[in-house]
Amino acid sequence: MIELYTASTPNGHKVSIALEEMAMPYAVHVIDFEKKEQLKPDFLSISPNGRIPAIVDSETDTPLMESGAILVYLAEKSGMFLPCSGRGRAKVIEWLMFQMANVGPMMGQTGVFKRYFHVELPDAIARYHNETLRLYEVMDTRLENEEFLAGDYSIADMATGPWLCFADWIDVPYSDFPNVTRWMETLLARPAFAKGMEVPAPVDESERLRRAKAITTD
């Protein structure tokens, strides 16, 4: 059994999607940012960085933080969505790192500067908005000749797709990028992907703003 510590964020959804796709049994523990549950000693013993998602594999008594590391761990445990060796594995890791180093940070900062700062900072907004568009273009070019980011469906898609599900919310839609649009439609048509996006239950706009502000003021 995987104990999943999560919240309704793109990073949290990555792991619930993977668990659904891999048909692995798991229990959900929702971390309440407003109550600062991510800073409590019990959670910090699992996730020293105080961030979700985190897991505990009860079969091996293994705690693990950082969504990319968790996805690799689950893929290796299940034997799914990450080749064991060779070029295929390298490409999955490559595009997983692309998400971790680029898509998440850039889209996340776009949301922070557009929605959470009391003082508008046009230069910062333009910088992250334009970088997000550039990343869409990188993915669109890649997906012109590939169905999925690493060729076959993999944890790289599970990591990246949830962030693009929030694209309209940060006011940087991807609708001008036809290959990205096709790819996202393909992901959302997968029952396990769609189910993972509902774990934990989505929150409304005001609640999302409240939770995000709690994160940015930690």
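Here are a few short exercises with worked solutions on the predicted model shown above.

**Exercise 1. Get your bearings: how many helices and strands does the protein have, and in what order do the elements run?**

Solution. Start by counting: there are nine helices and four strands. Next, walk along the chain from the N terminus, and the elements read β-α-β-α-β-β-α-α-α-α-α-α-α.

**Exercise 2. Work out whether the radius of gyration agrees with that of a compact globule.**

Solution. Take the length, 218 residues, for which a compact globule would have a radius of gyration near 17 Å. Then look at the protein's own value, which is 17 Å, so the two agree. For a sense of the outline, the C-alpha trace spans about 50 × 45 × 25 Å along its principal axes. Finally, consider the inside: 49% of the residues count as buried.

**Exercise 3. Classify the ring pair of Tyr5 and Phe43, then that of Tyr136 and Tyr174.**

Solution. The structure holds nine aromatic pairs. For Tyr5 and Phe43, the ring centres are 6.2 Å apart and the planes meet at 55 degrees; planes over 60 degrees apart would be edge-to-face and under 30 stacked, so this pair is tilted. Now place the two residues: Tyr5 sits in strand β1 and Phe43 in helix α2, 38 residues apart. Both of them are buried.

Turn to Tyr136 and Tyr174, with centres 6.3 Å apart and 90 degrees between the planes, an edge-to-face pair. Tyr136 belongs to helix α5 and Tyr174 to the loop between α6 and α7, so the pair ties together parts 38 residues apart in sequence. Tyr136 is buried, at 1% relative accessible area, and Tyr174 also counts as buried, at 17%.

**Exercise 4. Find out how many residues of α6 are buried, and what covers them.**

Solution. Count along the helix: 10 of its 10 residues are buried, so α6 is largely enclosed by the rest of the structure. Among these buried residues are Met158, Pro162 and Trp163. Now look around them, and you will find that the cover includes α1, α3, α4, α5, α7 and α8.

**Exercise 5. Explain why the salt bridge of Glu21 and Arg190 ties together distant parts of the sequence, then look at two salt bridges within helices.**

Solution. Begin with the principle: side chains of opposite charge can pair when their charged atoms come close. The whole structure has seven salt bridges. In the one between Glu21 and Arg190, the closest N and O atoms are 2.9 Å apart. Glu21 lies in helix α1 and Arg190 in the loop between α7 and α8, so the bridge joins parts 169 residues apart in sequence. Glu21 is buried, at 10% relative accessible area, while Arg190 is partly exposed, at 26%.

Next, move to helix α4, where Lys91 and Glu94 lie three residues apart, about one turn of the helix. Their side chains meet at 2.6 Å, N to O. Lys91 counts as buried, at 19%, and Glu94 as partly exposed, at 40%.

Helix α5 offers another case, with Glu131 and Arg134 three residues apart and their closest N and O atoms at 2.8 Å. Here Glu131 is buried and Arg134 partly exposed.

**Exercise 6. Identify the residues of the nonpolar surface patch that includes Leu121.**

Solution. Locate Leu121 in the loop between α4 and α5. Check its accessibility: at 34%, Leu121 counts as partly exposed. Then add its partners, Phe117 and Val119, and the patch has about 260 Å² of accessible area together.

Methods. Residues numbered from 1 in each chain as written. Predicted model: local features only at pLDDT ≥ 70, side-chain atom pairs only at ≥ 80, totals over all residues. Heavy atoms only, no water. Patch = residues over 30% accessible without salt bridge, like charges linked within 9 Å, V, L, I, M, F, W, Y side chains within 5 Å. Areas by Shrake-Rupley, 256 points an atom, 1.4 Å probe, with all protein chains shown as cover. Salt bridge = Lys/Arg side-chain N within 4 Å of Asp/Glu carboxyl O. Buried < 20%, exposed > 50% of the residue type's maximum accessible area, 1.4 Å probe, protein only. Rg over C-alpha atoms; globule rule 2.2 N^0.38 Å. Phe/Tyr/Trp six-rings, centres within 6.5 Å; stacked < 30°, edge-to-face > 60°. Contact = heavy atoms within 4.5 Å.
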